Amino acid sequence: MSQQTHLTYHKPSHRPLATAHLAQTMSLLEMNNQELLEKLEGELANNPALELIEDQHCPTCNRKIYGNLPCPQCSFSSSSNFDSPIVYVSSQHETYTPKYRGSDAITPEDFSPTIEDLPTYVLGQIGSELTPEERPITAYILTHLDEDGLLRTPKVEIALYHHISISMVDKILSKLHRCDPIGVGAQNPQEALLVQLKILNESQEIDPLVFKAISEGFTELSKHHYKSLAKSLNISIKKVKVILKFINNNLNPYPARTYWGDVRHRTESGPVRYHNPDVYISCYGNGEEPQLLVEIIWPISGTLRVNPAFQKALGQAPPEKNDQWNSDYQKANLLVKCLGQRNHTIVQLMLKLAKKQRKFILKGDKHSKPLTRAKLSEELEVHESTISRAVAGKSVQLPNGKIIPISKFFDRSLHIRTVMKEIIENETTPLSDTRIAEILIEEGYNIARRTVAKYRSMEGILPAHLRKNS
DNA sequence: CTATGGCACGGATT
DNA sequence: AATCCGTGCCATAG
């Protein structure tokens, strides 16, 4: 297809426009939805040459088209066997999906996006438990939650505003904390973690060190300064990692976010956080072989284009404004083109990924195939760094409702780790690392004993002698 | 003596 | 060029 040439970003070019084009496409590619949203809003506010129009309908198939892209239906419908996923770009819908991660057993049928917003959703759960006096206060609190489900407004303020005591506020908050995104209404990530931990503790035994790590070493924890954390708690770094894994697996500092990964940080300001997914993957059809539906989320509703009226007016610009207008026009034009290209790249990427990792998407971690960015870049005929940029810091929601970073599609050892986990779960008597390695080798995974130990610790599984059997 | 964790090296990936 | 990952070797705990 003709676009392929546009995708080979590594081709040297001497035209200045092309370099600007290149630079902008790359930076746009790196952005996830949140960042893109901010960027677009900024551009729209500052550049009169840009306009946001209603989403268009495709002239031939009359489907809605989004995201400054050609019609998805027409360009992709040729590949409609179940092997090739349908890919399309869709506008950001206001769905809040209240799946609190943790339970594995969410099947595609269970998963239907809920159209409620967070306050409504939470209120629906506890509405009946509240006394008439508590009700308006709760509503007030809920509407003051930030996008992460945290309550940044000081308690005192609420108490004063409603002329009630702080203990009253506390009482309501503690009820709130137990609602579905467990920990909603906590004052900060730290409190959210503690609340979740407390509730979890009621149903299972929890290492008191986890409490200590969160309450005393939270700053180190959030900065990923594990060595200093280990020192201040006077435990081994190994132990810290076990704790960390536990936290990552079971707790969520931002209750309304579905995912918090321990991912490398992109900026000094802290770990990359996943807000809403940038891509949805869902199933179309319920059979054995459902077709995959890949949805690239476009952060704004509407399509961005260069305002034709502005373009017309260019010729009649007042002389003193001429330069300004021209540059606005150029910039707008560039942005629109780059956006289209960014989206095109992401679409191609996700299409390929969905195809390659189909089993992983449908059947879970065990079927993940080791895949490197390099290999994919070869197939897509783009530069490696293009893939890296497109993948970095973005997240995707799978048909089972889990939100994972896209980089998980490139995990080299995910499948072995899951097989290993299964072995350990099914063991009758605790198996030593050596033994596990032997079993894995028998099953065809060539792996060293030392590596088993590494995987174990990655998964937060205790060594054999500390494991008791079930 | 056996099972694991720590450190560090080299090759692959990004 | 920087980082990640699998491994081997050695120290330590049990």
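Okay, let's start at one small spot: right after helix H18 comes Gly393, with a positive phi near 70 degrees. Keep in mind throughout that this is a predicted model, so everything I say today is computed from it.

Staying with H18 for a moment, which of its residues are buried? Those would be Thr386, Ile387, Arg389, Ala390 and Val391. Now look at what packs there. The axes of H15, residues 319-356, and H18 come within 11 Å, crossing at roughly 90 degrees. An angle anywhere from 65 to 115 counts as roughly perpendicular, so that is what we call H15 relative to H18. On the H15 side the contact uses Thr345, Ile346 and Leu349, while H18 puts in Thr386, Ile387 and Ala390. Sort that contact by class and you get four nonpolar residues, two polar ones and no charged ones. And notice that Thr386, Ile387 and Ala390 also turned up in the buried set for H18. If you're wondering about the spacing, an α-helix has 3.6 residues a turn, so residues three or four places apart point the same way.

Just ahead of H18 there's a loop coming from H17, and Glu381 sits in it. Its phi is near 55 degrees, which is positive even though this residue is not a glycine. Is Glu381 buried or exposed? Exposed: 12 other C-beta atoms lie within 10 Å, and 12 or fewer is the cut-off for that label.

There's a second case like it. His163, again not a glycine, has a positive phi near 55 degrees. You'll find His163 in the loop joining helix H7 (155-162) to helix H8 (166-177). His163 counts as exposed because it has 7 C-beta neighbours inside 10 Å.

On to the DNA. How many residues surround DNA strand B? There are 18, and the closest are Lys238, Thr372, Ser432, Asp433 and Ala464. Several helices give two or more residues to that surface: H13 (237-250), H17 (373-380), H18 (384-391), H20 (433-442) and H21 (449-458). So H18, our starting point, is on that list too. The top contributor is H21, with three residues. By class, the surface near strand B has six nonpolar, seven polar and five charged residues.

DNA strand C has nine residues around it, the closest being Ser413, Ala448, Arg450, Thr451 and Lys454. Here the split is two nonpolar, three polar and four charged.

Two quick stops before I finish. Helix H9, residues 189-201, has 13 residues, and at 1.5 Å a residue it should span 18 Å; the end C-alpha atoms are 18 Å apart, so the two agree. Among the buried residues of H9 are Pro189, Leu193, Leu194 and Val195. Glu191 and Gln196 are buried there as well.

Last one: Tyr140, which lies in helix H6, residues 134-143. Tyr140 has 14 other C-beta atoms within 10 Å, so it comes out as partly exposed. Which residues does Tyr140 touch, leaving aside those up to four places away in sequence? Ile158 and His162. As for Pro119, it is 21 residues from Tyr140 in sequence, yet their C-alpha atoms are 9.6 Å apart in space.

That's my tour. Thanks, everyone.

Technical notes. Residues numbered from 1 in each chain as written. Chains lettered and ligands numbered in written order. Predicted model: local features only at pLDDT ≥ 70, side-chain atom pairs only at ≥ 80, totals over all residues. Near = placed C-beta within 6 Å. Helix = DSSP H or I, 4+ residues; strand = E, 2+ residues; numbered from the N terminus. Nonpolar A, V, L, I, M, F, W, Y, C, P; charged D, E, K, R; others polar. Axes fitted to C-alpha atoms, helices over the stretch in contact; angles between N-to-C directions. Parallel < 35°, antiparallel > 145°, perpendicular 65-115°, else oblique. Contact = placed C-beta atoms within 7 Å. Buried ≥ 20, exposed ≤ 12 C-beta atoms within 10 Å, placed from the backbone. Expected span 1.5 Å × (residues − 1).
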